[in-house]
Structure formats: C-alpha cells, structure tokens
Amino acid sequence: MRRRDLLRMTTATAVAGAAGVPTLDTVTFARDAGAAGTPAVTRTVSGRLPAGAPDYVYLPVEVPPGVREIAVAYTYDRPAVPAGTQGNACDIGIFDERGTALGGAGFRGWSGGARTEFAISAERATPGYLPGPVRPGTWHVVLGPYTVAPQGLAYEVTVTLRYRAEPGAPGGTAPSGATPRPVYPPQRARGRGRAWYRGDNHLHSVHSDGKRTPAEIAAAARAAGLDWITTTEHNTTSAHAAWEGLWGDDLLVLTGEEVTTRNGHVVALGTDPGVFIDWRYRARDGAFGRFARRIRQAGGLVVPAHPYATCVGCNWKFGFEDADAVEVWNGPYTPDDEMAIAAWDAMLVASVRDGGRWLPAMGNSDAHREPQVVGLPQTVVLADDLSREALRAGLRAGRSWIAESSAVRLSFEVTGGGRGAHAGIGERLRVPADAEVTARLKVSGVPENCTATFVTDQGPLFTTAVRGGAIEWRTTPSYAAYVRAEVRHPAAGGGAPGMPGPMVAMTNPVFLGER
C-alpha cells in the first residue's frame with residue numbers, strides 16, 4: 001500500500017471491522033508449496049506507517065490447504081524523537097479465515113507489544129493465541145501502531161507456513177494432531193457459606209504482558225490470603241484454559257479479560273470461559289455499549305479499570321453509564337487512585353441527589369511481575385458462597401470493601417431509628433430524616449499511626465486515630481445522605497496541609513434515609 005493511500009484511509013476509516021478497513025497488499029503462497037515435500041515456506045513484507053496511521057492495519061495472508069502451522073514474526077524501528085514526543089510502539093495479533101469483523105468469530109490471538117513472534121497450530125499456540133486448525137482462506141495479521149514517531153514507523157512482518165505431509169514423505173512433517181479440548185476452572189469452590197471473601201480481579205500472566213505463569217499467580221494468591229482471583233489478560237482469552245490443577249477448595253479462579261482500547265481499559269470480570277470481547281473501537285465510535293452488553297450476556301461485570309491512569313490509552317473516556325462497578329484503587333496507592341476515589345465520590349453525591357443508581361468501588365492489584373504484589377489491593381465481598389454467581393451479586397450490590405492486604409480486618413455498619421434497625425456496607429438504613437443514627441467501624445491489622453475517617457455527601461466529617469475497639473460517629477439522614485469509611489496511613493513526610501495519606505482500607509457507602 002502506497003503512503004498516500006494509507007494517509008487517505010487514515011481519515012476515512014472510523015473503526016476496524018467496518019467498510020474501508022486499512023488493508024495492506026495480500027501475502028500469497030503458492031498453492032502447491034506443500035505438495036512437493038516442502039516442509040515450510042516463508043514470506044517477508046515491509047513498509048512504513050505514517051504518523052496519524054489508523055489504530056489497526058491489516059495484512060491479509062492467503063493460507064492454502066494443507067497447512068499445519070502458521071508462524072509470524074515482526075520488527076519495527078525505534079527512531080530518536082524530540083523530548084515530549086511519543087516514539088514508535090506497535091502491537092500485533094491475528095484473525096483467521098472467518099474474518100476481522102468487529103465482535104466476529106475470527107479472533108485467534110493477541111500479544112500486544114509483549115512478543116515479537118508467535119505460532120498457531122491445531123495442537124498448540126503461543127500464549128496469547130488460541131490453538132486450532134489452520135484452515136485455508138484469508139487470514140489477517142493485525143498491526144496496532146500504538147504510537148507513531150513523526151518519522152513514521154517502518155515495519156517488517158515475516159509469515160511462515162508449515163505444511164502437513166503424508167507419513168514417510170521426503171522432508172515431510174508429522175501429521176497434524178487434534179486440538180486439545182480446553183479445561184476451564186469450575187464456577188464454585190467450597191467456601192464458608194455466607195461470608196466475606198477476598199479477591200483480586202485484575203491480574204496478568206505470560207498470556208499477555210505479564211511475567212508470571214498461572215501457577216506462580218495461583219501460589220501468590222494463596223500466599224496473599226485470597227479466596228478467589230480473576231484472570232484478565234489484555235484482549236485475549238488464551239489464559240482461560242491455562243489453570244488446570246491450580247484451583248482448589250481454597251481458591252476459585254474466574255475467567256475474564258482486560259478489554260484494552262485506545263480510550264481506556266475495562267475489566268470484563270467473570271465472563272463465561274472462552275468468551276472473547278473485542279477492543280477495536282474508541283469512545284467516538286459509539287460501540288462500547290454493545291460490548292458492555294456482551295460482557296453481561298456472558299455473565300460478567302463491566303468494571304472500568306484505573307480510570308485516571310496516565311499511560312497512553314489508559315485514561316477512561318467512555319463514561320460510566322454502562323459500568324457495573326469502577327476500579328478506584330489499582331496497585332500501590334498513587335495520586336491516580338486519589339483522583340479516582342474523588343470522582344467516584346462525586347458520582348455517589350449525584351446518585352443521592354438525582355435518585356439514580358450508584359456504582360460500587362473496587363480495588364485490584366493489576367500485578368504483572370515481581371515485585372508487584374498480588375492482592376495489593378484486594379476487594380472483600382460479602383457473598384452467599386464462594387461461587388461466580390454469588391460473588392457477582394455481592395459486587396454488583398456494593399457489599400464490599402477494599403484493603404491493602406489480608407492482614408486488614410474491618411466491619412462497618414450504621415444503626416439507629418429504633419427497633420434495632422441496622423444496615424451494612426452497600427445497604428440502606430431506612431429511617432426518618434431526623435432519626436439519630438450511629439456509624440460504627442471496627443478495624444484491626446493496620447499499621448501504627450493510621451487514621452479513620454467517616455465520609456459523607458458533604459465530605460469528610462469525622463477523623464480519629466485508629467486504636468483498639470469500635471470507632472463511632474452519630475448523625476442523621478437529613479445531615480448525611482450516606483456514610484462510608486476510610487482508613488489511611490499517615491501522610492508522607494507530614495504531608496501538605498489537607499493532603500491525606502495513602503489508603504489502607506475503604507468501604508462502599510451505607511445509605512441513610514427512607515428514599
């Protein structure tokens with residue numbers, strides 16, 4: 001494809017999978033390449049993508065009959081750029097002969113920028129990719145120029161087809177085998193009946209850009225005192241079948257995906273095993289609602305991740321109308337999390353003002369590699385049992401709180417209004433507007449010098465040192481529409497006036513009043 005053609009397509013194309021998808025010249029292989037005993041044939045193509053290239057560019061590959069394996073390798077240049085200018089970064093993946101339609105069936109794998117090569121056959125596939133037959137037809141290697149330097153991005157893609165051969169044929173390879181039937185984790189573990197269960201629902205392994213294996217993640221989750229985890233690789237489901245033998249009565253493994261778009265990331269939490277959620281759209285394309293519904297249809301929750309993260313493409317641009325919860329604390333506590341909590345609290349205020357729904361808060365580690373800590377933070381949810389269905393219900397209802405580790409223990413409730421009325425986290429205490437109520441927090445396992453704060457729709461109204469016993473504060477529904485609790489470390493170096501310290505634990509709200 002000539003540069004002027006690609007530039008023209010850049011302005012004309014809105015979203016991958018639509019008419020006018022930016023497509024390079026087709027890579028062709030001789031139809032009889034494998035018939036004469038040739039075990040493999042390789043083609044290499046190169047080109048340059050300009051600054052402002054489309055988000056995704058497709059390289060068609062004509063795959064003839066008789067192919068056992070398709071292997072792809074790629075490189076691209078990284079020229080020096082002026083200070084403050086993005087350099088080159090290019091992701092890669094592949095779709096099979098079923099096509100590249102948005103949300104279609106053709107997806108066969110994605111490794112983003114984590115790998116420079118991959119291979120797919122019926123028997124096996126590189127992590128991030130799905131094993132299965134290499135059927136004849138037009139496959140598409142997809143290049144994702146994440147950022148492009150002003151000089152453009154020079155790429156080279158090498159495609160190798162390895163052929164089947166009759167047994168005993170000169171130079172032939174072994175006949176292709178069957179695709180292994182995937183073994184997915186069960187949807188339930190033994191659990192403790194109705195109880196508080198600790199989970200980390202944003203984790204990465206070698207199946208995307210993480211460095212840990214699933215076995216290492218499972219071991220780290222057990223060491224962190226977790227009851228359940230969710231596997232959430234970037235834009236692929238290949239890890240769903242990678243947990244055989246790693247779950248148990250003490251650890252439930254749910255499947256999901258981190259849908260990584262150019263306008264923010266969303267955790268598809270607890271989707272059916274094997275269900276792929278497409279990511280090839282921006283906020284301006286109006287496609288997110290469709291895929292949010294797809295997540296729910298697959299039994300999952302829609303959870304925008306790290307909405308105020310500063311990495312390219314990480315900041316959340318889709319709004320929260322389609323969300324079921326929001327990840328307000330991602331990994332070690334940072335100013336990004338402080339911003340996310342402030343924005344989430346503002347949404348709580350809007351919900352009580354307008355009588356609309358509210359979004360529960362979650363926290364997850366987003367751990368990729370050592371020394372990132374699995375379970376820092378973790379979401380603790382009240383569920384009827386340790387099952388996907390019960391945990392999903394507890395999360396959706398906001399019966400949950402967030403902690404920096406399993407050492408932190410917490411209980412929070414509001415009582416009052418007579419007749420023993422009480423409400424826990426995520427619930428409503430339905431009492432008259434002038435009824436006096438008592439918020440009660442018990443917390444243990446926290447470091448020294450921590451403080452506890454009760455936060456309402458007016459803001460923080462009571463702060464005290466964490467000591468033994470319960471912390472209590474009285475109010476009325478007319479004064480506070482909700483109350484939630486935060487436990488924080490001391491501000492670093494004494495902190496600037498009014499600047500709080502990092503979070504140790506925080507709860508979802510208890511709502512007050514009859515409305």
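**View 1. Strands 2 and 7 pair up in the antiparallel sense over seven bridges.** This close-up comes from a predicted model. One bridge to look for joins valine 57 to leucine 143, its partner in strand 7. Strand 2 covers residues 57–63, and strand 7 covers 137–147.

**View 2. An open, antiparallel sheet is built from four strands in the order 2-7-4-5.** Which strands sit at the edges? Those are strand 2 and strand 5 (107–112), each of which has a pairing partner on one side only. Ignoring direction, neighbouring strands in this sheet are turned against each other by 20° on average.

**View 3. The largest nonpolar core takes in 32 residues.** Ile70, Val72 and Ile94 are the residues with the most contacts inside this core. At least two core residues come from each of strand 1 (40–49), strand 2 (57–63), strand 3 (67–76), strand 4 (89–95), strand 6 (117–121), strand 7 (137–147) and strand 8 (153–163). Which strand gives the most? Strand 8 does, with six residues. Elsewhere there is a second, separate core of 31 residues, and Ala452, Trp473, Ala485 and Ala505 are among its members.

**View 4. Here we zoom in on valine 72, one of the residues with the most contacts inside the largest core.** What does valine 72 touch once its neighbours within four places in sequence are set aside? Its contacts are Ile92, Ile94, Thr116, Glu117, Phe118, Val141, Val157, Thr158 and Val159. Ile94 in that list is itself among the residues with the most contacts inside the core.

**View 5. Aspartate 227 sits in the loop between helix 2 (214–223) and strand 10 (228–231).** Is aspartate 227 buried or exposed? Its relative accessibility is 12%, so aspartate 227 counts as buried, the cut-off being under 20%. Not counting residues up to four places away in sequence, aspartate 227 touches Arg192, Trp196, Tyr197, Arg198, Asp250, Leu251, Leu252 and Leu386.

**View 6. Two stretches where pLDDT stays under 50 are residues 1–19 and residues 167–175.** How many contacts beyond four places in sequence does the model have for residues 1–19? There are 37 for that stretch, while residues 167–175 have twelve. Where pLDDT is low, the predicted coordinates should not be read in detail. As for the whole protein chain, pLDDT averages 92, and 91% of the residues score at least 70.

Notes: Residues numbered from 1 in each chain as written. Predicted model: local features only at pLDDT ≥ 70, side-chain atom pairs only at ≥ 80, totals over all residues. Heavy atoms only, no water. Core = buried A, V, L, I, M, F, W, Y, C linked by side-chain atoms within 4.5 Å. Buried < 20%, exposed > 50% of the residue type's maximum accessible area, 1.4 Å probe, protein only. Contact = heavy atoms within 4.5 Å. pLDDT = per-residue confidence, 0-100. Pairing = 2+ DSSP bridges. Axes fitted to C-alpha atoms, helices over the stretch in contact; angles between N-to-C directions.
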